[in-house]
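These are my notes from a session with one model. I went through the fold as a whole, then a few residues.

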Amino acid sequence: MSVIAWIVLGLIAGFIASKIVNKSGEGIFLDIVLGIIGAVVGGWLFHAFGAAGVSGVNLYSLLVAVVGAIVVLVAYHAITGRTSRL
């Protein structure tokens, strides 16, 4: 995937995940970073369970990135002691 594709996928996935966990967006830059980290974490998790990871800009890759970003946000809130509004 190209850098632009990672940024677009990261922005969309980070925004969706932050809306699900926090009920508000994190801002454009943090949503992009969250989505990219979520894509990596989600790809690792999906691979660990025997499924494919991020394969391009498609709905399956978006799902993988959103799941990974949700895991990252929930872990962040658990570590820092902040309450998430799930």
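Before placing any residue I fixed the term: a helix here is a DSSP run of H or I with at least four residues, numbered from the N terminus. The model is predicted, and I read every value below with that in mind.

**Entry 1, overall fold.** I looked up the secondary structure and found 3 helices and 0 strands. Read from the N terminus, the order of elements is α-α-α. I then checked the radius of gyration, which is 12 Å; the globule rule gives 12 Å for 86 residues, so the protein is as compact as a globular protein of that length. The C-alpha trace spans about 35 × 30 × 15 Å along the principal axes.

**Entry 2, contacts and surface.** I took the contacts in the protein with a separation of 6 or more and asked for the share from residues 24 or more positions apart, which is 61%. Of the 86 residues, 34% count as buried. The accessible surface comes to about 5100 Å², and carbon and sulfur atoms hold 75% of that area.

**Entry 3, nonpolar patch.** Which residues form the nonpolar patch on the surface? I listed I4, V8, L11, I12, F15, I16, I20 and I28, with about 690 Å² of accessible area together. Helix α1, residues 3-22, supplies the largest share of the patch, 7 residues.

**Entry 4, V8.** I picked V8 from the patch list and located V8 in helix α1. Its relative accessible area is 40%, so I entered V8 as partly exposed, the class between buried, under 20%, and exposed, over 50%. Patch members need over 30% relative accessible area, and V8 at 40% fits that. I also looked up the distance from V8 to I36: the two are 28 residues apart along the chain, and their C-alpha atoms are separated by 9.3 Å.

**Entry 5, N22.** Is N22 buried or exposed? I placed N22 in helix α1 and read a relative accessibility of 9%. Buried means under 20%, so N22 counts as buried. I then looked for a partner of the N22 side chain and found the side chain of H77, in a polar contact at 2.9 Å.

**Entry 6, helix α1 in review.** Both residues I followed up belong to this helix: V8 and N22. I have V8 down as partly exposed and N22 as buried. For V8 I noted the C-alpha separation from I36, and for N22 the side-chain polar contact with H77.

How values were computed:
Residues numbered from 1 in each chain as written. Predicted model: local features only at pLDDT ≥ 70, side-chain atom pairs only at ≥ 80, totals over all residues. Heavy atoms only, no water. Patch = residues over 30% accessible without salt bridge, like charges linked within 9 Å, V, L, I, M, F, W, Y side chains within 5 Å. Areas by Shrake-Rupley, 256 points an atom, 1.4 Å probe, with all protein chains shown as cover. Salt bridge = Lys/Arg side-chain N within 4 Å of Asp/Glu carboxyl O. Helix = DSSP H or I, 4+ residues; strand = E, 2+ residues; numbered from the N terminus. Buried < 20%, exposed > 50% of the residue type's maximum accessible area, 1.4 Å probe, protein only. Rg over C-alpha atoms; globule rule 2.2 N^0.38 Å. Contact = heavy atoms within 4.5 Å. Polar contact = N/O pair within 3.5 Å; in protein donor to acceptor, adjacent residues only side chain to side chain.
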